[in-house]
Amino acid sequence: MNSTATIYNRLTGDTTLTALLATYGSGPAIFNERAPDAFEFKAGTKPCLIIAAPSSDLALETFTEVGRLIQQDIRGYAFDNGSSAALDGIMRRVRTLFHNQPDALSVTGGKAVISRVTGPVGSPTSEPSVIGRRVTLRLELQQT
Amino acid sequence: MATLVQGFLKLQVGSGSPTTYNSIPGVTNLNGGGASENRIDSTDFDTTPGTREYINGPREPSPWTADMHYEQGDTYQEALFTAHAANTPLPFRVLFGASSGGKQVTFQAVPNLTLGAAVDGKTMYSLSLSPIAMPTRGNAS
């Protein structure tokens with residue numbers, strides 16, 4: 001069960017969200033781990049999303065079923081043009097896509113039983129001209 | 001050496017004749033199988049001075065208790081709810097290891113189900129099974 005793929009598919013499958021994001025290559029600027037060096041944060045560029053590696057991945061089992069309890073962040077970054085409204089709107093959309101929406105998630109080899117979100121909250125950046133937000137997903141995935 | 005519970009232990013409910021057992025899904029823990037101690041004091045003048053002696057009386061089989069995730073529509077969980085409502089006993093088996101070569105404890109009980117549901121948690125049921133006779137332990141079949 002690949003939680004990153006599940007998250008990526010949910011994000012890219014929402015046209016409301018992807019319309020708010022920058023494009024990179026042939027698709028929306030949704031990256032894994034970090035934004036590539038060729039992606040530039042500058043005035044006029046829409047925000048991007050980064051699916052972080054899981055911060056926690058624990059066994060979650062019953063006597064007869066196996067599953068995983070995964071905690072994973074989705075971070076959003078934007079050029080600081082004096083307002084975080086665009087980025088905040090994106091992160092609220094991300095929350096809507098995942099919070100209490102386990103049935104809407106596709107999981108290869110399993111199914112989502114619980115999907116909960118905390119945030120969005122501020123996310124630190126190493127670049128002063130870039131602002132960041134993050135939501136934390138708590139996913140319980142059951143192997144099928 | 002210890003044995004991990006997950007994958008080794010199953011709580012099963014039986015049906016049909018001869019009885020066939022199927023695992024109840026969503027069970028997260030299981031406790032029980034004991035019996036209440038019942039020692040009857042039989043101390044008399046012949047007992048060694050300064051001591052007591054006892055005979056064993058009838059013992060009450062202790063209830064089995066389990067918690068399980070509620071899985072709506074599951075055939076075997078629904079059988080529990082039906083028996084609970086009708087106050088009729090079902091056959092149960094606690095299986096240790098494989099159905100061939102393992103050990104089993106079998107008994108009959110009326111399932112008693114209690115809901116536990118916190119708004120941000122999982123829908124859970126607590127299951128209590130009070131055997132109508134002392135459970136039987138033997139080789140799994």
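In this short talk I will go through the nonpolar cores, one buried glutamine and the salt bridges of the structure above, which is a predicted model.

Let me begin with the cores. In soluble globular proteins, nonpolar side chains tend to be buried together. Here the largest nonpolar core has 25 residues, and those with the most contacts inside it are Leu11(A), Leu49(A), Ile74(A), Val94(A) and Phe98(A). Several elements of chain A give two or more residues to this core, among them the helices α1 (3–12) and α3 (85–98) and the strands β6 (67–79) and β8 (130–143), and it is α3(A) that gives the most, with 6 residues. If we follow Phe98(A) and leave aside its neighbours within four places in sequence, we find it in contact with residues including Ile7(A), Leu11(A), Ile74(A), Val117(A) and Leu137(A), but also with Arg10(A) and Ser115(A). Apart from this core lies another, of 23 residues, which includes Val13(B), Val105(B), Phe107(B) and Tyr125(B).

Now please look at chain B, where Gln77(B) is found in helix α1, residues 75–86. Is Gln77(B) buried or exposed? Its relative accessibility is 0%, and so it counts as buried. A polar atom of the Gln77(B) side chain lies 2.9 Å from the backbone oxygen of His69(B), and, not counting residues up to four places away in sequence, Gln77(B) also touches Ile24(B), Pro25(B), Met68(B), Tyr70(B) and Glu71(B).

Finally, I come to the charged pairs. Side chains of opposite charge can pair when their charged atoms come close. How many salt bridges does a search of the whole structure find? There are 8 over all chains. In one of them, the side chains of Lys122(B) and Glu140(A) meet at 2.8 Å, N to O, and this pair crosses between chains, from the loop between β8 (103–116) and β9 (124–131) of chain B to strand β8 of chain A. Of these two partners, Glu140(A) is buried, with a relative accessible area of 6%, whereas Lys122(B), at 24%, counts as partly exposed.

Within chain B, the side chains of Arg52(B) and Asp41(B) meet in a salt bridge, again with a distance of 2.8 Å from N to O. Because Arg52(B) lies in the loop between β4 (39–41) and β5 (54–56) and Asp41(B) in strand β4, the pair ties together parts that are 11 residues apart in sequence. Arg52(B) is exposed, at 55%, while Asp41(B) is partly exposed, at 39%. To return to the pair between chains, salt bridges that share partners join Arg138(A), Glu140(A) and Lys122(B) into one network.

Terms used: Residues are numbered from 1 along each chain as its sequence is written. Chains are lettered from A and ligands numbered from 1 in the order in which they are written. This is a predicted model: local features need pLDDT of at least 70, side-chain atom pairs count only at pLDDT 80 or more; totals for chains, interfaces and linings use all residues. Side-chain values use heavy atoms; hydrogens and water are left out. A nonpolar core is a set of buried Ala, Val, Leu, Ile, Met, Phe, Trp, Tyr and Cys residues joined through side-chain atoms within 4.5 Å. Buried means under 20% relative accessible area, exposed over 50%, partly exposed in between (1.4 Å probe, protein chains only). Helices (H or I, at least four residues) and strands (E, at least two) are DSSP runs, numbered from the N terminus. Contact means heavy atoms within 4.5 Å. A polar contact is a pair of N or O atoms within 3.5 Å; within protein, one must be able to donate a hydrogen and the other to accept it, and residues adjacent in sequence count only if both atoms are side-chain atoms. A salt bridge is a side-chain nitrogen of Lys or Arg within 4 Å of a carboxyl oxygen of Asp or Glu.
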